[in-house]
Amino acid sequence: MDTKVVSIPAFIKEKTGKELVDFKNGDHTMTMIRTENGKTIQIQHDVANPRPYSRMYQLTGTKGFANKYPVEGYALDSKEISSDIAPNHENLTAHSFVSEDIKKALMEKYKNPIVRDIEEKAKEVGGHGGMDFILNYRLIHCLQKDFH
């Protein structure tokens, strides 16, 4: 679903004096996807409207929540945190973020092996905090391994 087309044609007209005719993208697009396995994915795309920058990296499920930007935090049902991560997690609830120590332990435990091997190099040479390097590395890895 798209909103009306307003901001981009107005911007083009202001900058160039030319009218955009038949512009297809709405100012804000929201897509809902249901996967074969019954998962739901929501994608929002908005590069036209005045708003704070947000990549809105978020996972939400029945056992927890993870947000990466602009506020990084994880909220998990206390039963979902293994004793090797938080031996005494009785006070945790799914209604607040876990502590910084637990968050770091979770990130280390579940870090993708590809990221683990190249993380420092990616931060050194890659844009966007190393993410550009990691995504390109992952694409090459999948092509070499014939992953689909």
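**Exercise 1. Getting an overview**

What share of the contacts in the chain with a separation of 6 or more comes from residues 24 or more positions apart? Work this out, then describe the chain as a whole.

*Solution.* Keep in mind that this is a predicted model.

- Step 1: Take the contacts with a separation of 6 or more; residues 24 or more positions apart account for 18% of them.
- Step 2: List the elements. The chain has four helices and five strands, and from the N terminus they run α-β-β-β-β-β-α-α-α.
- Step 3: Turn to burial. The chain has 148 residues, and 21% of them count as buried.
- Step 4: Finish with the surface. About 11,900 Å² is exposed, with carbon and sulfur atoms supplying 56% of that area.

**Exercise 2. The hairpin of β1 and β2**

Find how strands β1 and β2 are paired, and then place Thr 40 in this picture.

*Solution.*

- Step 1: β1 spans residues 29-34 and is joined to β2 by six bridges, with the two strands running antiparallel.
- Step 2: For a landmark in the pairing, look at Ile 33, which stands opposite Ile 41 in β2.
- Step 3: Five residues lie between the two strands of this hairpin, and in the turn Gly 38 has a positive phi of about 85°.
- Step 4: Now find Thr 40 in β2, which covers residues 40-45. Once neighbours within four places in sequence are left aside, Thr 40 is in contact with Met 32, Ile 33 and Arg 34.
- Step 5: Is Thr 40 buried, partly exposed or exposed? Its relative accessibility is 46%, so Thr 40 counts as partly exposed; that class lies between the cut-offs of 20% and 50%.
- Step 6: As a distance check, the C-alpha atoms of Thr 40 and Gly 61 are 9.9 Å apart, with their positions 21 residues apart along the chain.

**Exercise 3. The three-stranded sheet**

Give the strand order of the open sheet, and follow the pairing of β4 with β5.

*Solution.*

- Step 1: The open sheet has three strands in the order β3-β4-β5, paired antiparallel.
- Step 2: Its edge strands are β3 (58-60) and β5 (73-76), each of which pairs on one side only.
- Step 3: On average, neighbouring strands in this sheet are turned by 5° against each other, direction ignored.
- Step 4: β4 covers residues 64-67, and four bridges hold its antiparallel pairing with β5. A hairpin of five residues connects β4 to β5.
- Step 5: Two opposite pairs help you to set the register: Phe 65 faces Ala 75 in β5, and Asn 67 stands opposite Gly 73 in β5.
- Step 6: Recall that side chains in a regular strand alternate between the two faces of the sheet. Then look at β5: Gly 73 and Ala 75 point one way, Tyr 74 and Leu 76 point the other way, and all are buried.

**Exercise 4. The two sides of α2**

Sort residues of helix α2 into a buried side and an exposed face.

*Solution.*

- Step 1: α2 runs over residues 100-109, and Ile 102, Lys 103 and Leu 106 are buried in it.
- Step 2: These buried residues lie on the same side of α2, because they cover an arc of only 100° around the axis.
- Step 3: Turned away from that side is a face carrying the exposed residues Asp 101 and Lys 104.
- Step 4: β5 is included in what covers the buried residues of α2.

**Exercise 5. Helix α4 and its partner**

Describe the span of α4, then show what its buried residues pack against.

*Solution.*

- Step 1: α4 has 15 residues (131-145) and reaches 21 Å from its first C-alpha to its last, close to the 21 Å expected at 1.5 Å a residue.
- Step 2: Ile 134, His 141 and Cys 142 are buried in α4. They are on the same side of α4 because their arc around the axis is only 95°.
- Step 3: The face turned away from the buried side carries the exposed residues Leu 143 and Gln 144.
- Step 4: The partner of the buried residues is α3 (113-125), against which they pack.
- Step 5: Why does Ile 134 count as buried? Its relative accessibility is 13%, and the cut-off for buried is under 20%.
- Step 6: Leaving out residues up to four places away in sequence, Ile 134 touches Val 115, Ile 118 and Ala 122. The C-alpha atoms of Ile 134 and Lys 123, 11 residues apart along the chain, are separated by 9.2 Å.
- Step 7: End just after the helix: Asp 146 follows α4 and has a positive phi near 60°.

Technical notes
Residues numbered from 1 in each chain as written. Predicted model: local features only at pLDDT ≥ 70, side-chain atom pairs only at ≥ 80, totals over all residues. Heavy atoms only, no water. Buried < 20%, exposed > 50% of the residue type's maximum accessible area, 1.4 Å probe, protein only. Contact = heavy atoms within 4.5 Å. Areas by Shrake-Rupley, 256 points an atom, 1.4 Å probe, with all protein chains shown as cover. Pairing = 2+ DSSP bridges. Axes fitted to C-alpha atoms, helices over the stretch in contact; angles between N-to-C directions. Expected span 1.5 Å × (residues − 1). Arc of directions from axis to C-beta.
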